[in-house]
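Dear colleague,

I am handing over the structure below, and my notes on what was found in it follow. Please keep it open beside the text as you read.

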Amino acid sequence: MREILRLVTLAVVTIIVVVAALFISGRTPTLHTDGMSGLVDGEAARYPARLEEGASHLKVPMPFMDRWHGLQGFPSQTTLRFRVPDDATAAQLQLEVESWLVDAGNGLLRVYINDVQRDSVPLAAGRHRHALTYNLSPADYPAGWLVLRLEDEGTTGNGSICPTNSVNMGSAVEVLPETALVVEFDKAPNDPNIIAAGLAEPLLIRAESDAMLTAWTSQWLSRQGVDAKASAENDFNVALKPHNDAHLLAADPGRLDVFGLRGITELARLRGAATPSTEAQTWPLPVSALTPDLATHTFRGSTRWLLDYKLSDLPNGRAPGALSLRLKPAQLQPGGLWALRVTLNGDLLEARNFDGDIEMMDALIALPVARQKSRNLITITLVDQTPNRSICRAGPEAAAQLVASSFLLPSSGPVTDEQTLIEMLAAEKTVTLNASGEPGPGTLSEIAGMLELLLPLSVKPAQPQDTPRLSISAFDFNQTPSQQVAGTTKEGFVVFKNPRSTSGDLSVMRLGAQSDAKPGRGLIVTW
């Protein structure tokens, strides 16, 4: 009892001292919002002069420019990857960031290029813009990639006696869209390979007479980390053309002609495409193919791991039937207890407790095949249930690690039409792609989204010399699936977005089983 009274007294005295200090100084934790303060004084002198795009220089824009990039709170980190063209003789990273800190805040921004620290930038209270420039040689990007990592640390608190995960949330560092990589060549950068590497993302894809090829190409590139979108308008920078020995040709300024599947494959290579880690895997499937998050988690209260997967990315398109889960936790204080929860698409599959001194948690968790869709998410949550006897709401730190020897086991086979169709497509090397009319941008985007969920990356559009078994056709509101294949004896499936789903799930039905209601935009797979 005396110990509790002593802690309460200490807390009250600390609060009184902090409040008194704030009152005397007249300071409150507010954020400067009275406009930008401009570039930090004297900072530009620390960096080399900036290169301009011109006869021997090409500017490679920041990837995914239409998204927000940055750091939120202390500590935090973020990563950006730039593809460096093969013929580059030198490069310059032009990094533009803007920092926002509450009035009581201060911190430090660290800049790493390919895991080598290049800079430390003090972050002051208020709103400030930083123009940071780094000259690079080929030794700085030996594999043709420049990986920029930003880390920050600091404080925005005014005297906290308890650990908390949100005490330092009064800060943000935004990577601005002006950030770019300027690449230098010993010749004029008009080679199509150089232009392909320097195109701004997202790539806007268009095949003038083949809408399905436009949709297939955009999703095929996107699934490999190249930001690409299907375009039905004249606003495009990649034009798909029939096969040509050249593969790639520079067209109008800022545009590239890509010829045939070989040209598309070469474009993917030049843009640094990376196939998903599930490709070329076999069953059982290690969890490392689904998540890179295998390092130790240090946390208070709870932590979680996310295993998201599309059936079309798994071996043979087969749905998993079980998860063999291994977690290695740190020992808890005496009397501590671990709680493990596992969900599939939000449905609780497993909930059990483990002693706080257990060395390894092993669990074989059945994954109901009937609950699996084309896109799925397994969530593993671990909770430290140790009673908290301190005056602070946050308990002591705990630690746990998802062990790499965890794996997924295959199911015995498909139980839904959707799973049956995906397995059928996974067994093919090529398919015929057909589109009626000239779909608009919205239709192309929806078609690309459906192809992404159905087709493995290894399945390509059929070429003239191929004899594919399956054919995929697009339809719109003008025709029901039954009308589109009327008068034929074809079998197949109709695919469209589930109108009751908010996450883009698909509805798949046998061609002869669906009603006459028009489901809108969709696909018909026939054989």
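**Helix 3**

In this predicted model, helix 3, which covers residues 211-222, has twelve residues and spans 17 Å from its first C-alpha to its last, close to the 16 Å expected at 1.5 Å a residue. The helix is mostly covered, since eleven of its twelve residues are buried, and among these buried residues are M212, L213, W216 and W220.

**The largest pocket**

L213 of helix 3 comes up again here, because the residues that lie nearest the centre of the largest pocket are A207, L213, L240, K241 and P242, out of 29 that line it. The space in this pocket is about 550 Å³, and its lining is made up, by class, of 16 nonpolar, six polar and seven charged residues. At least two lining residues come from each of strand 13 (238-241), strand 15 (256-259), helix 4 (260-270) and strand 26 (430-435).

**An open sheet**

Elsewhere in the chain numbering, four strands form an open sheet in the order 3-8-5-6, with antiparallel pairing. Its edges are strand 3 (76-83) and strand 6 (116-123), each of which pairs on one side only, and from one strand to the next the twist averages 15°. Within the sheet, strand 5 (residues 106-113) and strand 8 (residues 145-155) run antiparallel and are joined by eight bridges; one pair to look for is R110 with its bridge partner E151 in strand 8.

With best wishes

How values were computed: Residues numbered from 1 in each chain as written. Predicted model: local features only at pLDDT ≥ 70, side-chain atom pairs only at ≥ 80, totals over all residues. Heavy atoms only, no water. Pairing = 2+ DSSP bridges. Axes fitted to C-alpha atoms, helices over the stretch in contact; angles between N-to-C directions. Expected span 1.5 Å × (residues − 1). Buried < 20%, exposed > 50% of the residue type's maximum accessible area, 1.4 Å probe, protein only. 1 Å grid on protein atoms, 1.4 Å probe; cavity = no way out; pocket = protein on both sides within 12 Å on 5 of 7 lines; lining within 4 Å. Points joined across faces, edges and corners; volume = space filled by probe spheres on them. Nonpolar A, V, L, I, M, F, W, Y, C, P; charged D, E, K, R; others polar.
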